[in-house]
Amino acid sequence: MSITDNYQKLARKISSARRVTVLTGAGVSAASGIPTFRGSDGLWKNYKPEELAHINAFMNDPITVWKWYDWRRGLIAGAGPNRAHTVIADWGRKLPGFSLITQNVDDLHDRAGTQNIIKLHGSIWRMECVNRCPPSKGGWRNEDVPLKEMPPLCPYCHRLARPGVVLFGEALDPAILSAAGDASECDVFITIGTSSVVYPAAGLLSLAKEKGAFTAEINPDATPASGIVDIAIAEGAVEALSEIDALL
Ligand code: OAD
């Protein structure tokens with residue numbers, strides 16, 4: 001099938017679906033100028049994301065890990081949502097039973113106007129107390145760019161603060177994972193801009209397929225998901241979502 005046939009087929013599936021679920025990864029924010037994790041531009045001082053964004057790396061050397069997050073926060077603060085984010089926000093308003101699950105911590109989907117986002121990996125603008133001191137329960141928002149102190153400290157107990165994101169070596173919040181599982185029981189499941197190598201996020205596609213969803217991937221590069229989905233669209237998120245949206 002040509003790419004145009006694939007756009008038309010996916011648009012028809014979306015139009016007739018009762019529940020559409022989209023799962024996004026860093027590729028959706030690439031057009032906003034935010035480097036992906038596994039692209040060559042995403043490497044920071046030659047660290048692999050699994051090594052740097054790991055709970056053990058953070059506990060051993062919080063300043064280095066915080067400097068990486070400070071760099072990313074600076075890039076994100078200077079960026080804005082792109083057309084892929086705004087099309088997804090528009091689908092949230094116009095498609096009944098629409099859900100967005102994201103692995104992104106940049107909050108660009110929120111800034112584009114999507115509501116009720118299932119955020120698997122948290123937000124880069126939140127912090128938590130490493131010692132979970134009772135007054136800090138639930139964490140707090142911090143939008144300082146650059147960070148005012150290195151490493152940042154808990155404003156309540158003045159001990160070490162940590163990024164309010166899920167690090168490698170840590171479990172996802174069970175309630176959020178359960179919400180993502182529920183959202184994966186849908187008619188159409190579209191995975192966009194993710195390398196589909198980080199679990200449990202990467203497993204949601206297979207779950208959706210098992211439950212009978214029509215599945216699609218939007219990613220300029222082939223991933224482990226490409227051979228699983230019903231339609232693999234080898235295009236950037238902005239281009240593909242603009243084309244599909246125009247057909248709805
Ligand atoms: P990755 O960096 O692993 O993958 C980004 C994907 O986006 C790649 O497959 C690219 O081919 C694709 N891509 C690049 N440009 C694109 C574009 N313009 N349109 C669409 N796709 C494009 O990022 P994630 O899959 O999001 O977790 O990474 C998953 C998790 O690993 C992240 O949430 C983060 C990371 O380490 C934690 O930090 C826990």
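**A tour from the surface to helix H4**

Begin with the whole chain shown as a surface: its accessible area comes to about 11400 Å², and 50% of that area belongs to carbon and sulfur atoms. Keep in mind during the tour that you are looking at a predicted model.

Next, switch to a C-alpha trace and turn it slowly, and you will find that along its principal axes the trace spans about 55 × 35 × 30 Å. The radius of gyration is 18 Å, which agrees with a compact globule, because such a globule with 248 residues would have a value near 18 Å.

Now change to a cartoon, in which nine helices and nine strands can be followed along the chain. If you display the contacts between residues with a separation of 6 or more, 67% of them come from residues 24 or more positions apart.

Colour the charged side chains after that: there are 25 positive and 27 negative ones, and the centres of the two sets lie 4 Å apart. Colouring by burial instead shows that 49% of the 248 residues count as buried.

For a closer look, select residues 62-77, which form helix H4, a run of 16 residues that reaches 22 Å from its first C-alpha to its last, close to the 22 Å expected at 1.5 Å a residue. Show its side chains and pick out the buried ones, among them Pro 62, Trp 66, Trp 68, Tyr 69, Asp 70, Arg 72, Arg 73 and Ile 76.

Finally, add what covers these buried residues of H4, including helix H2 (49-52), helix H3 (55-60) and helix H6 (108-112), together with strand E4 (122-129) and strand E6 (161-165).

Technical notes
Residues are numbered from 1 along each chain as its sequence is written. This is a predicted model: local features need pLDDT of at least 70, side-chain atom pairs count only at pLDDT 80 or more; totals for chains, interfaces and linings use all residues. Side-chain values use heavy atoms; hydrogens and water are left out. Helices (H or I, at least four residues) and strands (E, at least two) are DSSP runs, numbered from the N terminus. The radius of gyration is taken over C-alpha atoms; the globule rule is 2.2 Å times the number of residues to the power 0.38. Buried means under 20% relative accessible area, exposed over 50%, partly exposed in between (1.4 Å probe, protein chains only). Contact means heavy atoms within 4.5 Å. Accessible areas come from the Shrake-Rupley method with a 1.4 Å probe; for residues, only the protein chains shown count as cover. Lys and Arg count as positive and Asp and Glu as negative; His and the chain ends are not counted. The place of a charge is taken as NZ of Lys, CZ of Arg, CG of Asp or CD of Glu. The expected span of a helix is 1.5 Å times one less than its number of residues.
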